Each structure stands twice: as structure tokens, then as C-alpha cells.
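Student: Hi, could you walk me through this structure? I'd like to know what sits next to what.

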Amino acid sequence: MTDAMLVRRVLDGDSRAFTALVDRHAAACLRFATRMLGNREDAEDATQETLLRAYRSLGRYEERDVFRTWLFSILVNRCRTAALRRSRRERRLVHDDAALDTLAVASSADAAELRAEVARAVATLEPEQREAFLLKHVEQLSYEEMARVTGAGVSALKMRVKRACERMHVLLTEVSDVGR
Amino acid sequence: MSDADDVLDCDPMTPASLDGAVRALRADVPVRGEWRDALLREAAALPAPRRTTPVSRRVRRLGEFLRAARRPAWVLSPSAGVAAALLCAALGAGVAWGVMRRAESAAVPGDVAVASAPASGWAVPAVRFALTAPGASRVALVGDFNGWNPAATPLRASADGRTWSVALPLTPGRHVYAFVVDGSLTADPVAPRAADEDFGTPSSVIMVAESSP
């Protein structure tokens with residue numbers, strides 16, 4: 001069953017269809033929010049706000065839009081708001097061990113070291129570059145979808161991704177050089 | 001060639017040097033069962049969503065209208081252009097005369113409300129919308145009060161061409177609106193932004209108070 005069919009079921013009063021939508025999309029939302037905010041707690045809050053806001057607004061979803069893109073347009077705004085809230089609290093982004101743990105893929109020491117360095121490198125990107133890099137290379141959205149999600153133009157987004165890649169490359173190369 | 005031009009026509013794959021980093025970033029973040037259950041409980045406590053006409057649909061229609069408006073649908077011959085210009089001038093003079101007559105009979109100096117303040121002398125409060133847009137050639141006001149129709153409420157430029165404004169009666173309550181500056185939607189820089197921006201629409205909110213007797 002497609003996302004659009006599930007939305008129709010929700011609007012017809014079938015609440016289980018919303019559970020299905022949550023189970024399809026919550027993990028991707030949580031991943032983006034965690035990488036964006038660098039903090040599991042803030043990421044869960046932003047994702048919850050996103051899904052509840054989406055639920056309230058399902059009647060305005062248009063089937064010709066890809067549901068995931070529509071959902072990410074809400075999520076990106078929630079993450080921006082959360083980042084703003086956090087900057088007011090003057091919390092640091094990178095020193096959150098829980099966030100680093102969520103990058104876990106393998107259990108070897110090398111993998112743990114890599115994920116920690118990657119998290120630090122991502123955290124040092126400018127927020128706009130981090131957002132564009134994650135949407136492009138992690139969530140694998142097209143530039144047209146990214147434009148709809150972020151409100152930025154395609155060429156500006158390409159530039160942000162390019163700058164982010166260059167910055168990530170420099171940071172991760174410096175780390176590997178120091179490790180030798 | 002600028003840096004931006006360099007990347008305009010390319011859609012880069014993940015750079016090889018970042019393969020490992022991207023793989024790590026793509027790893028799943030586990031969804032905690034308690035968090036999922038709490039989310040679904042909160043959703044169940046909300047009113048069931050209903051089908052509505054979304055702002056995004058109205059704005060998309062507006063965008064389609066604006067794009068269509070930019071495309072010339074026909075070409076005017078020089079002689080027909082002169083005739084049309086004369087006709088427009090005559091119509092414009094007539095409209096201006098009518099407006100002046102109406103202004104003489106109805107308008108009181110200073111009766112136009114600024115921002116959300118209600119004005120006296122109107123059946124419903126009049127609100128003055130203004131935007132500083134030097135260099136703009138056409139500015140219009142769109143919102144839920146005029147069906148987001150960019151042809152419905154054009155703004156008039158001040159003598160120096162810097163400030164554009166219009167006053168119109170609005171019913172008391174909350175209204176979402178935006179300006180269309182030379183075909184581009186822009187929010188009011190001095191008003192609160194609308195929550196509907198989650199759908200990518202730059203729009204603002206105005207609260208119109210009940211008119212005092």
C-alpha cells in the first residue's frame with residue numbers, strides 16, 4: 001500500500017494507517033534529526049513534533065507530492081527551530097556521547113573511532129551545509145526535492161553540498177594524518 | 001566562471017573519500033519502543049485529521065497563475081498597441097476621476113489604519129499594508145481574504161517609488177497573507193510569520209481586532 005493510500009485511510013478514520021506511516025518514516029526522520037542536531041533527546045523531540053504536526057495536517061497533504069518529501073519539509077523546520085532553541089541554551093553540539101553512540105555500525109575500535117570523527121566533522125559544518133549534505137548524501141533526496149524541503153534554490157543547495165564535502169574531506173584527512 | 005557555475009550542472013555522487021563517513025551516517029538510528037508508543041498515544045488523543053483545502057494548494061495555484069502571467073499569450077501589433085494604450089489611458093483617467101470623487105465624498109484625512117489597528121468610517125476595519133520595495137515594478141497583496149489572487153489587490157507606489165501600500169477592509173480575526181513582488185512571493189518583514197511556513201510558503205499573519213464603536 002502506498003503512502004498516499006495510507007493517508008487516505010487515516011482521513012477515512014483508520015488510525016492504524018497512521019501507525020503504519022510512523023513505522024515507515026520515523027526511523028529516517030530520527031536519523032536525519034540526530035545527525036542534524038547531534039543529540040538523541042532533541043532529535044526525538046523534533047521527530048515527535050514533526051509526526052504529530054504531520055498528523056494534524058494530513059488533510060492538507062496532496063497526493064502528487066511524495067509523502068516523504070512533504071514530511072521532511074516539516075522535519076527540516078522543526079530541526080531548525082530545535083537548533084535555535086538549543087543555541088539559546090548555549091549547549092555545545094559535539095560533546096554528546098549518546099549522539100556519537102547512535103552512529104554505531106560495527107563494534108570494532110576502528111569503527112567506533114571513525115563514527116566519532118565523522119560525528120565531529122559533521123558537527124563542525126555550518127548548519128545550512130550540514131542540512132544540505134545530510135539531505136543529499138545520507139537521505140539521498142534529489143536537488144529538486146531538497147529545494148522543496150528547504151526553500152532554497154537548487155544552485156545554492158549544490159554549492160552548500162560542495163562546500164560541505166570539501167570541508168568533510170579536509171577534516172577527515174587531517175584526522176587520518178594525525179593518526180599515522 | 002564562479003564556483004556556483006562549476007556545480008550548476010552536476011549532480012555529484014558521494015565523493016569516494018567520504019564513502020566511509022557516509023556509510024556511517026546512513027546507519028539506522030534505532031526507534032525506541034517507548035518513544036513510538038508515546039507518540040502514537042499523543043496522536044490518538046488529537047482530533048482526527050480532516051480533508052481541507054491546503055494553503056500549499058492555493059499557493060501552488062498562485063504560482064501557476066504567476067508563471068502563466070509571465071508568458072506572453074499573444075503579440076500586439078504596433079498599431080493595435082497604440083490603440084490599446086489610448087484605451088487604457090482613457091479608462092485610467094475615468095477610474096482616477098471615480099476614485100477622486102469617492103475620496104472626496106468618503107475619505108477623511110488620517111482615517112486609514114496602520115498595521116492591525118481598526119479604523120473608523122468603514123463597515124469593517126481597514127488595514128493598511130505597506131512594503132519597502134525600491135526598484136520593484138509591481139507589488140500585490142495576496143492572502144486568505146482575496147483567495148491568494150495576485151490580481152485582486154495591487155499596491156500603489158509612493159512618489160519616490162520606495163514604499164508600496166494599500167488599505168483594505170478586513171473582517172476581524174486572523175488572516176494569513178504575503179506580498180507578490182514582481183512575481184515572487186515574500187513575507188511581510190515586519191509581521192509575525194505564519195506557521196504554514198512548514199509547507200514552504202513565505203507568509204505572515206495579521207490579527208484584526210473588532211472595530212470599536
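Tutor: Happy to; we can go through some helices and strands in turn, keeping in mind that this is a predicted model.

Student: Great. How do α2(A) and α7(A) cross?

Tutor: Their axes come within 10 Å and cross at roughly 145°. The crossing of α2(A) past α7(A) is right-handed.

Student: Which residues make that contact?

Tutor: From α2(A) you have F32(A), R35(A) and M36(A), and from α7(A) there are R130(A), E131(A), L134(A) and V138(A). Sorted by character, the residues of this contact are four nonpolar, three charged and no polar.

Student: Let's pick L134(A). Is that one buried or exposed?

Tutor: L134(A), which sits in helix α7 of chain A, counts as buried because 26 other C-beta atoms lie within 10 Å; the cut-off for buried is 20 or more.

Student: And what does L134(A) touch?

Tutor: Leaving out residues up to four places away in sequence, L134(A) touches F32(A), R35(A), M36(A) and E139(A). Another residue to look at is A164(A): the two lie 30 residues apart along the chain, with 9.6 Å between their C-alpha atoms.

Student: Back to α2(A). Where does α2(A) bend, and by how much?

Tutor: The bend is at H25(A) and amounts to about 45°. After α2(A) comes G38(A), with a positive phi near 70°.

Student: What about Q140(A), what is its phi?

Tutor: Phi of Q140(A) is near 60°, so a positive value in a residue other than glycine. Most residues other than glycine have a negative phi.

Student: Where does Q140(A) lie, and is Q140(A) buried or exposed?

Tutor: You'll find Q140(A) in the loop between α7 and α8 of chain A, where α8 covers 143–150. Q140(A) counts as exposed because there are 11 C-beta neighbours inside 10 Å, and the limit for exposed is 12 or fewer.

Student: Okay, over to chain B. Which strands does β5(B) pair with?

Tutor: β5(B), residues 173–181, pairs with β2(B), residues 139–143, in the antiparallel sense over five bridges. β5(B) also pairs with β7(B), residues 204–208, again antiparallel and over five bridges. There is also β6(B), residues 184–186, which pairs with β5(B) in the antiparallel sense over three bridges.

Student: Can you give me some residue pairs to click on?

Tutor: Sure. V139(B) has V181(B) of β5(B) as its bridge partner. V176(B) is bridged to V205(B) in β7(B), and F179(B) stands opposite T186(B) in β6(B).

Student: How many residues lie between β5(B) and β6(B) in their hairpin?

Tutor: Two, and in that turn D182(B) has a positive phi of about 50°.

Student: Now the three-stranded sheet in chain B. What is the order of its strands?

Tutor: The order is β1-β4-β3, in an open sheet with antiparallel pairing. At the edges are β1 (126–132) and β3 (156–157) of chain B, each pairing on one side only.

Student: How many bridges join β1(B) to β4(B)?

Tutor: Seven, with β1(B) and β4(B), residues 163–169, running antiparallel. If you want one pair to find there, F129(B) has V166(B) in β4(B) as its bridge partner.

Student: Thanks, that gives me plenty to look at!

Terms used: Residues numbered from 1 in each chain as written. Chains lettered and ligands numbered in written order. Predicted model: local features only at pLDDT ≥ 70, side-chain atom pairs only at ≥ 80, totals over all residues. Pairing = 2+ DSSP bridges. Helix = DSSP H or I, 4+ residues; strand = E, 2+ residues; numbered from the N terminus. Axes fitted to C-alpha atoms, helices over the stretch in contact; angles between N-to-C directions. Left-handed = near helix turned anticlockwise from the far one by under 90°. Contact = placed C-beta atoms within 7 Å. Nonpolar A, V, L, I, M, F, W, Y, C, P; charged D, E, K, R; others polar. Bend = angle between axes of the 7 residues up to and from the residue.
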